[in-house]
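Please open the structure in the viewer and follow the stops of this tour in order. Each stop proposes a selection and describes what is found there.

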Amino acid sequence: MTGKTEVANALTRPGKVIALHLNYPSRIAQRGSTPEQPSYFLKPSTSVAASGDALERPAGTELLAFEGEIALVIGRTARRVTPDEGWAAVAGVTAANDFGVYDLRWADKGSNLRSKGGDGFTPLGPAVIPAEGLDPADLRIRTWVNGKLVQDDTSTELVFPFGRLVADLSQLITLEAGDVILTGTPAGSSVVGPGDVVEVEVDAPQAPGAPSTGRLVTPITDGSQPLAEYGARPRIDDLQRAEAWGSRAAAGLPAEFDLDDELRAQLASVSTATLSSQLRKRGYDDVSIDGVHSNQPGARLVGRARTLRFVPFRPDLFADHGGGFNAQKRAFDTLGAGDILVIEARGVTTTGTVGDILALRAQMLGAVGIVTDGGIRDFTTVAELGIPSFSAGPHPAVLGRRHVPWETDGTVACGGATVQPGDVIVGDDDGVLVIPPHLVREVVADAIEQEREERFIAEQVAGGASVKGLYPMNAEWRARYEEWTE
């Protein structure tokens, strides 16, 4: 194993710096998409800086974002090691800051070379905590901006543990002593500018002696040399602003669509039958999720869609995608308040797609419903939990009988309807509807008015009136209705 001094010296110019895109559940929840496998990008060794080195925000740019991370320092050559062997190849851990300029993300289409590879964009240090005797699942990462704590998370529940990252990379890439792997950032990453000071610390507070890297300090300065016209120039939009700041609200942008309490109440006050007729008037005839029924008669369903897709069972695919923290578990484990998980099961009713444990997890996270065009296991227990669930009916078999959990937060087809993450889902005893967000306010307003008219019509019919000229209302009845509403 490489000695402490050699490892620390290697931080000044690692042979390779490999960075992971997403790993922390808190960050994944912000981005709204759970990766199926680790994905990486390279950062030049010239991007490495030491604690105290100033970082220049490129002239003409706006969105310089920090990302506090735990960095693995490789201690020996690793090639085709297993996940169990991966941690043994790590000499130590240190603090890192994966800076990036969102203004240039468009230019490299995922490689991040210019947006994250600039000189000084990878501060490391100041100290390395030896890996020997360290629990890789018991590390803490914290980041401060101008003395305020903005990131605070641990390595306990990473989607991709450290040993797995080393093993995965070593399948095709020889890792050498001094190479550095950045392991992802938790929620809290945001934008900084000239005059700000960012500090990152990694420690192991539960380990003997509570070892720490100390604080990695990076002052931000303003660049004076603009980017030339013979290369990519800064280009930003509201999406880049929102992702750089961490949210639209943090970036000072209005919400794209907010299913607030008032709108939820309005949607819950009208039937899906009425909403369906209003959608049909607008040309939306294929937005009902057919073949599903509530396991709680009388239950109302109103929320935003998150999605999960199963593909037909195949032994080799299930071996790769069915075990561990698979897409099904990731989908349930990243739900949030007001979410409804919509599951594409291709209308297969001969196996379950969710059981009581995952339904309970959804409920505990604040989700408000589950819709699947497949079966539900533990049907009665799920019904007793209280979270509304719509399905094709009960079935005792596990999903592996017919399905492979494949993808989360993509566009799915459930019960013959296309559903995208963020669509509004409304359900009652008549069925479940999918409402595109841009139509919700006008549809619900007209649905409320339609039901008011239908109450008037029902009152007249109950009083003995003929439906002729009343349903729909002619001019005479319309005038009477206007008087009735005053």
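Which residue of β8 does Ala65 stand opposite? Select Ala65, and Gly100 in β8 is found opposite. The model on display is a predicted one.

Extend the selection to strand β5, residues 64-65, which pairs with β8 in the antiparallel sense over two bridges. Next, add β13 to complete an open sheet of three strands, with the order β8-β5-β13 and antiparallel pairing. The edges are formed by β8 (100-101) and β13 (191-192); each has a single partner strand, so one side of each is left without a neighbour in the sheet.

The tour now turns to the pockets. Select Gln30, Arg31, Arg248, Glu256 and Arg304: of the 34 residues that line the largest pocket, these are the closest to its centre. The space in this largest pocket is about 1,200 Å³. Colour α2 (25-31), α7 (238-245) and β18 (301-312), the elements that give two or more residues to its lining. By class, the lining of the largest pocket has 13 charged, twelve nonpolar and nine polar residues.

For the last stop, select Pro58, Leu104, Gly118, Gln225 and Leu227, which lie nearest the centre of the second largest pocket among its 16 lining residues. The volume of this second largest pocket is about 390 Å³. Highlight β4 (55-59) and β15 (216-226), as each supplies at least two residues of the lining. The largest share, three residues, comes from β4. Coloured by class, the lining of the second largest pocket shows ten nonpolar, three polar and three charged residues.

Notes:
Residues are numbered from 1 along each chain as its sequence is written. This is a predicted model: local features need pLDDT of at least 70, side-chain atom pairs count only at pLDDT 80 or more; totals for chains, interfaces and linings use all residues. Side-chain values use heavy atoms; hydrogens and water are left out. Two strands pair if DSSP finds at least two bridges between them. Helices (H or I, at least four residues) and strands (E, at least two) are DSSP runs, numbered from the N terminus. On a 1 Å grid over the protein atoms alone, a cavity is a set of points where a 1.4 Å probe fits but cannot get out, and a pocket is an open set with protein on both sides within 12 Å along at least five of seven lines; lining residues have an atom within 4 Å of a point. Grid points are joined across faces, edges and corners, and a volume is the space filled by probe spheres set on the points. Ala, Val, Leu, Ile, Met, Phe, Trp, Tyr, Cys and Pro count as nonpolar, Asp, Glu, Lys and Arg as charged, and the others, Gly among them, as polar.
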